[in-house]
Structures are given as C-alpha cells and as structure tokens.
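Hi,

Here is the structure I promised to pass along. Have a look at it first, and my notes follow underneath.

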Amino acid sequence: MVEKSPTLYQYVKFVDIVRKYQQEMSFPEAVEKAIDECIKNGILAEFLRKNRAEVLRVSIFEYDEEEHMRQEREESRQEGFEEGEERINDLYDKLHELNREEDIWKAIKDVEHRKKLLEEFHLD
C-alpha cells in the first residue's frame, strides 16, 4: 500500500525521521528538526512549508494523548493489582480467623482452589 501512494510513503519517512530524532531530544524538538529535514529533502516539502505550525501542534497533541493513554493504562493495571491483593489478603485473614490454615496453603499453590474460596467468602 505504501508503495502505491507516494504521499503515504513520504509520511512514513517523516514519522521515521521524527522517531530517529526523538532518541536524542524532546518530542517537540524532534518534530521541528524532522520538518526541517523533510523540507530540505523534498519529503512532504510543500505540505510542511504551508502547514508547519499545524503539523507541530497536531503531532504534539497526538503524542501527549498517546502518553496520557499509556499512563491511564498503567494506573488501571496498578489499581487492579492492588484490589486483587486486597481481596487475597481478606481471604487469608478470614481463613486464619476460622483456623483453616490448610486452605491458606492450598490457596497459595492452587489458583482454582483460591478462586473457589474467593467465591465462598463472596470476595470474587
């Protein structure tokens, strides 16, 4: 598909150049430098000359949104992990109160047994 569309090919080149520069500098600087290089080398040159500010603004917005989404996913994973840990600890506390130490040891080693115990104590 990229071979059939020169514009798409040039856009892919632009993105590759941004990524190359991003290894050495901040994202906004990388976009600026990539725009300069692409104009110099005739890659999306006319478009980038006319729309430089918009390309920079949109690129940074998309980058910020992508970073924001990554952070949100990480926070959600952490919250889920902490909630799971809390449920397991509650289970072990209840089992200990009931002197069901054997169930604790079995739950540690056997995921299916732990799931059944979580259901039994309505912690699922």
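H4 passes H5 in a left-handed crossing. This is a predicted model, by the way, so please read everything below in that light.

Sticking with that pair: the axes of helix H4 (residues 101–109) and H5 come within 6 Å of each other, and they cross at roughly 125 degrees. That angle makes H4 oblique to H5, because oblique takes in angles that are neither roughly perpendicular (65 to 115 degrees) nor over 145 degrees, where roughly antiparallel begins. On the H4 side, the residues in contact are Asp103, Lys106, Ala107, Ile108 and Lys109, and they meet Val111, His113, Arg114 and Leu117 in H5. Sorted by class, this contact has 4 nonpolar, 1 polar and 4 charged residues.

The other helix pair I looked at is at the start of the chain. Helix H1 (residues 6–22) packs with helix H2 (residues 27–41) at an angle of about 135 degrees, and their axes are 8 Å apart. H1 is therefore oblique to H2. The crossing of H1 and H2 is right-handed, whereas H4 and H5 cross in a left-handed way. From H1, the contact takes in Phe14, Ile17, Val18, Lys20, Tyr21 and Gln22. Their partners in H2 are Phe27, Ala30, Val31, Lys33, Ala34, Ile35, Glu37 and Cys38. By class, the H1 contact with H2 has 10 nonpolar, 1 polar and 3 charged residues.

Now the chain as a whole. It has 5 helices and 0 strands, and from the N terminus on the order is α-α-α-α-α. The radius of gyration is 27 Å, well over the 14 Å that the globule rule gives for 124 residues, so the chain is more spread out than a compact globule. Along its principal axes, the C-alpha trace spans about 75 × 30 × 25 Å. Of the 124 residues, 27% count as buried. As for contacts with a separation of 6 or more, 38% of them come from residues 24 or more positions apart.

How far apart are the C-alpha atoms of aspartate 90 and glutamate 62? They are separated by 42 Å, with the two positions 28 residues apart along the chain counted as their spacing. Aspartate 90 has its place in helix H3 (residues 45–97). Its relative accessible area is 31%, so aspartate 90 is partly exposed, a class that runs between 20% and 50%.

Last, two backbone oddities. Most residues other than glycine have a negative phi. Leucine 44 is not a glycine, yet it has a positive phi of about 50 degrees. You will find leucine 44 in the loop between H2 and H3. With a relative accessible area of 14%, leucine 44 is buried, because the cut-off for buried is under 20%.

Histidine 122 also has a positive phi, near 55 degrees, and is a residue other than glycine. Histidine 122 lies in the segment after helix H5 (111–120). Is histidine 122 buried or exposed? At 68% relative accessibility, histidine 122 counts as exposed, since exposed means over 50%.

Cheers

Note on methods
Residues numbered from 1 in each chain as written. Predicted model: local features only at pLDDT ≥ 70, side-chain atom pairs only at ≥ 80, totals over all residues. Heavy atoms only, no water. Axes fitted to C-alpha atoms, helices over the stretch in contact; angles between N-to-C directions. Helix = DSSP H or I, 4+ residues; strand = E, 2+ residues; numbered from the N terminus. Parallel < 35°, antiparallel > 145°, perpendicular 65-115°, else oblique. Left-handed = near helix turned anticlockwise from the far one by under 90°. Contact = heavy atoms within 4.5 Å. Nonpolar A, V, L, I, M, F, W, Y, C, P; charged D, E, K, R; others polar. Rg over C-alpha atoms; globule rule 2.2 N^0.38 Å. Buried < 20%, exposed > 50% of the residue type's maximum accessible area, 1.4 Å probe, protein only.
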